[in-house]
Amino acid sequence: MTCDKNPEKIKSMFEEIAVYYDKVNNLISFGTHYLIKYLCVKELDIKPRSMVVDLCCGTGDFTKLINKIYPRAKVIGLDFSPEMLKLAKEKNPKGVFLQADCTNIPFSEKEFQYATIGFGLRNIEDRQKALSEIYRILENDGYFLHLDFGNHNKLSNIFDLFVNLLCKICKNGSEHYQYLLKSKEEFPNPNELITEFEQQGFKFIKRKDFLFGTVSAQIMQKKPKELGIDAHLLKHL
Ligand SMILES: C[S@@+](CC[C@H](N)C(=O)[O-])C[C@H]1O[C@@H](n2cnc3c(N)ncnc32)[C@H](O)[C@@H]1O
């Protein structure tokens with residue numbers, strides 16, 4: 001059976017796990033997730049005065065890193081879970097956060113030069129809608145950084161075993177660990193994702209693999225869509 005990613009269910013799951021989200025992240029990644037996020041943010045090389053949106057910001061790790069590394073950029077963290085946003089604000093009191101849904105982003109076209117999304121897209125039922133929204137709010141040549149689990153290999157099998165063990169130990173919340181494993185298993189691999197991003201109008205720029213590819217980041221760039229034949233002909237009328 002495929003994962004149920006009904007947005008209301010996903011939202012209430014993150015509301016429920018928000019308080020222990022950071023601790024669990026540290027535990028299951030053996031503390032590596034923050035370094036990986038740091039390296040991704042460094043890779044983006046954000047220009048001063050740029051507008052950046054951190055989608056599915058959760059407890060705000062990306063938002064905080066962007067604020068720290070690029071103090072002259074303006075970053076907004078966006079998430080639909082008030083509990084996650086509350087913790088993000090506590091961790092980064094000067095940060096700017098907004099409660100909103102990634103499939104209906106409340107910004108105008110081409111408002112941002114950069115968009116990041118870490119471990120978020122995997123949880124969105126209508127992934128294509130979220131991608132079309134990211135495309136819409138980015139300016140032409142703007143950058144999109146996506147980070148999530150990558151290839152299934154020996155190391156990711158060990159990770160799965162470890163999470164399965166946690167499932168057994170922690171009776172409370174075991175369904176959340178099961179959701180993590182299932183959503184990870186069903187999620188497209190980095191090459192498939194890059195194809196999906198390209199189909200939305202993004203150009204592939206760079207891929208960075210971490211932990212032998214079990215976690216992978218892709219940097220894409222928005223390219224304007226070519227005019228359809230009708231629109232093209234209209235120009236000559
Ligand atoms: C696994 S957490 C990732 C948090 C953070 N980016 C990180 O890397 O630690 C996923 C986050 O996505 C948010 N989320 C899931 N679907 C969303 C949607 N459709 N719109 C906005 N936020 C969403 C959840 O509330 C949750 O905070």
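**Sheet, helix packing and ligand shell**

Helix 4 lies across strand 2 and strand 3, and its direction makes an angle of about 175° with strand 3. This arrangement comes from a predicted model, and it offers a convenient way into the fold.

The sheet itself is open and is built from seven strands in the order 3-2-1-4-5-7-6, with mixed pairing. Strand 3 (96-99) and strand 6 are its edge strands, each pairing on one side only. Averaged over the sheet and with direction ignored, neighbouring strands are turned by 20° against each other. Strand 1 (residues 51-55) and strand 2 (residues 74-79) run parallel and are joined by five bridges. Within this pair, Val53 has Ile76 in strand 2 as its bridge partner.

Helix 4 (residues 82-91) also packs against helix 1, and here it helps to recall how such a pair is described. Two packed helices are characterised by the angle between their axes together with the distance between those axes. For helix 1 and helix 4, the axes come within 7 Å and cross at roughly 30°. Because angles under 35 degrees count as roughly parallel, helix 1 is roughly parallel to helix 4. On the helix 1 side, the contact involves Phe14, Glu15 and Ala18, which meet Glu83, Met84 and Leu87 of helix 4. By class, four nonpolar and two charged residues make up this contact, with no polar residues.

Helix 1 leads on to the ligand. The shell around the ligand receives at least two residues from each of helix 1 (7-28) and helix 3 (61-69), and helix 1 provides the largest share, three residues. Of the 20 residues around the ligand, Phe14, Cys56, Gly58, Ser81 and Gly118 come nearest. Phe14 thus appears in two settings, as one of the residues nearest the ligand and as part of the contact of helix 1 with helix 4. Sorted by class, the shell has eleven nonpolar, six polar and three charged residues.

Turning to the edge of the sheet formed by strand 6, a useful residue to look at is Gly201, placed in the loop between helix 8 (190-200) and strand 6 (202-210). Is Gly201 buried or exposed? Gly201 is partly exposed, because 19 other C-beta atoms lie within 10 Å, whereas a buried residue would need 20 or more. Beyond its neighbours within four places in sequence, Gly201 is in contact with Tyr135, Lys222, Lys223 and Lys225. Ser132 lies 69 residues from Gly201 along the chain, yet the C-alpha atoms of these two residues are separated by 8.9 Å.

How values were computed: Residues are numbered from 1 along each chain as its sequence is written. This is a predicted model: local features need pLDDT of at least 70, side-chain atom pairs count only at pLDDT 80 or more; totals for chains, interfaces and linings use all residues. Helices (H or I, at least four residues) and strands (E, at least two) are DSSP runs, numbered from the N terminus. A residue is buried if 20 or more other C-beta atoms lie within 10 Å of its own, exposed if 12 or fewer, and partly exposed in between; C-beta atoms are placed from the backbone. Two residues are in contact if their C-beta atoms, placed from the backbone, lie within 7 Å. A residue is near a molecule or strand if its C-beta atom, placed from the backbone, lies within 6 Å of it. Ala, Val, Leu, Ile, Met, Phe, Trp, Tyr, Cys and Pro count as nonpolar, Asp, Glu, Lys and Arg as charged, and the others, Gly among them, as polar. Axes are lines fitted to C-alpha atoms, for helices over the stretch in contact, and angles run from 0 to 180 degrees between N-to-C directions. Angles under 35 degrees count as roughly parallel, over 145 as roughly antiparallel, 65 to 115 as roughly perpendicular and the rest as oblique. Two strands pair if DSSP finds at least two bridges between them.
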